[in-house]
Amino acid sequence: MAARPLAVAIMGPTASGKTAAALEIARHIPCEIISVDSALVYRGMDIGTAKPSPQELAEAPHHLIDIIDPADAYSAMQFRQDALRLTGEIAARGKLPLLVGGTMLYFKVLRDGLDELPQADPALRAQLDEEAARVGMPAMHAKLATLDPATAERLKPNDSQRIQRALEITLLTGQPMSSLLSQKEPEPLPFDLLPLALEPSDRSVLHQRIALRFDQMLSGGGLLDEVNALRTRGDLHLGLPSIRCVGYRQAWEYLDGLIDYGTMREKGIAATRQLAKRQLTWLRSMPDRIVIDCNAPDATEKVLDKVEKALVTRQGS
């Protein structure tokens, strides 16, 4: 029986150096990169998503970048299907699949499979929308807390999309969404996964990186020009998942005249820090991950060393 192929996951919060680590591997090992990022899928959204540059993209084949329009949606289910297909194709070409990104939900769905939850019910969803418009989202969050405390605890009171979906599932099935998720048996992957996590030993250093990168996007990067081009299309709005991406929402509000420049900058940096915090919380729920300090000056070399040792071990076994 042929050995199962190896795939490498390079995970971490935003601004932790995932792209640099992946490209360091690509310079030494034949590989192809699969983006695990819910923002990089959108065409025309390059600066605010910190999309790899054309030069970086040319260093190794990349997948799942620039695959849909910002007006469209891309689900975790679609990602799993695409990632499994691509991983098999890359391994068949004799190359190492690198799964690189910070969308932890995608990693979780890839590893654990898809939850068999009910499809959306248009009538119930319309009823919940009407109720939310009448009583407000904090009240809907409080309603969820009475029906499904575990799910309500991990959702923010203004996370309208997830709150309404959790309520919908609970009302359709008569069971809390959290209990349905806990009943799901993980689906085994068709490959061995080496999970590497770039995490900061000092979170303040990561926060400095986040602020610096956001300022670079605003000053020389042209983030506002990019968002303005999206606004002038006329078919995009703040309710879309693409425009809710960190940085884009705040820039959009500034260009709409809802907030001033300083507030936009502060809110953009704060939202990115909150994203990093959520990403680190997800990572801590993966006990088998191999942690590498992203603050270390030789972090990329350490990632490469882990991958090379894993390949040597497999060849010797």
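# Exercises on a predicted fold

Strand β4 (residues 96–101) has 6 of its 6 residues buried, so β4 is largely enclosed by the rest of the structure. Here buried means under 20% relative accessible area, exposed means over 50%, and partly exposed lies in between (1.4 Å probe, protein chains only). Helices (H or I, at least four residues) and strands (E, at least two) are DSSP runs, numbered from the N terminus.

Before you start, note that this is a predicted model, in which local features need pLDDT of at least 70 and side-chain atom pairs count only at pLDDT 80 or more, while totals for chains, interfaces and linings use all residues. Residues are numbered from 1 along each chain as its sequence is written, and side-chain values use heavy atoms, with hydrogens and water left out.

## Exercise 1: the sheet around β4

Work out the strand order of the sheet, and then find the partners of β4 and the residues on its two faces.

Step 1. The open sheet is formed by 6 strands in the order β3-β2-β4-β1-β5-β6, with parallel pairing. Two strands pair if DSSP finds at least two bridges between them. β3 (62–63) and β6 (290–293) are the edge strands, each pairing on one side only.

Step 2. Now look at the partners of β4. β1 and β4 run parallel and are joined by 4 bridges, with valine 8 opposite leucine 98 in β4. Strand β2 (residues 31–35) is also parallel to β4, through 5 bridges; here isoleucine 34 stands opposite leucine 99.

Step 3. Turn to the faces. In a regular strand the side chains alternate between the two faces of the sheet. In β4, Leu96, Leu98 and Val100 are on one side, Pro97, Leu99 and Gly101 are on the other, and all are buried, so both faces are covered.

Step 4. Move to the β6 edge. Strand β5 (residues 192–199) runs parallel to β6 and is joined to it by 4 bridges. Glutamate 199 has aspartate 293 of β6 opposite.

## Exercise 2: the nonpolar cores

Find the largest nonpolar core, say which elements supply it, and list the contacts of leucine 99.

Step 1. Use this rule: a nonpolar core is a set of buried Ala, Val, Leu, Ile, Met, Phe, Trp, Tyr and Cys residues joined through side-chain atoms within 4.5 Å. The largest such core has 51 residues, and Met11, Phe79, Leu99 and Phe107 have the most contacts inside it.

Step 2. Trace the suppliers. At least two residues of this core come from each of β1 (6–11), α3 (76–92), α4 (104–112), α10 (203–219), α11, α12 (248–255) and α13 (261–284). The largest share of this core, 6 residues, belongs to α10.

Step 3. Inspect leucine 99. Counting contact as heavy atoms within 4.5 Å, and leaving aside neighbours within four places in sequence, leucine 99 meets Ala7, Val8, Ala9, Ile10, Ile34, Val36, Ala83, Thr87, Phe107, Leu110, Phe191 and Leu193. Another core lies apart from the largest one; its 25 residues include Ile10, Ile33, Leu198 and Ala310.

## Exercise 3: leucine 230

Place leucine 230, decide whether it is buried or exposed, and list what it touches.

Step 1. Leucine 230 sits in helix α11 (residues 223–231). Its relative accessible area is 5%, so leucine 230 is buried.

Step 2. Not counting residues up to four places away in sequence, leucine 230 touches Gly44, Met45, Pro70, Leu236, Ile243, Tyr248 and Trp252.

Step 3. Compare sequence with space: leucine 230 and alanine 71 are 159 residues apart in sequence and 10.0 Å apart from C-alpha to C-alpha.

## Exercise 4: aromatic pairs

Classify the ring pairs of tyrosine 74 with tyrosine 106 and of tyrosine 254 with tyrosine 261.

Step 1. Rings of Phe, Tyr and Trp (its six-membered ring) pair if their centres lie within 6.5 Å; planes under 30 degrees apart count as stacked, over 60 as edge-to-face and the rest as tilted. This rule gives 3 aromatic pairs.

Step 2. The rings of tyrosine 74 and tyrosine 106 have centres 6.4 Å apart and planes at 70°, so this pair is edge-to-face. Tyrosine 74 lies in the loop between β3 and α3 and tyrosine 106 in helix α4, 32 residues apart. Both tyrosine 74 and tyrosine 106 are buried.

Step 3. Tyrosine 254 and tyrosine 261 are also edge-to-face, at 5.7 Å centre to centre and 80° between the planes. Tyrosine 254 is partly exposed at 26% relative accessible area, and tyrosine 261 is partly exposed at 37%.
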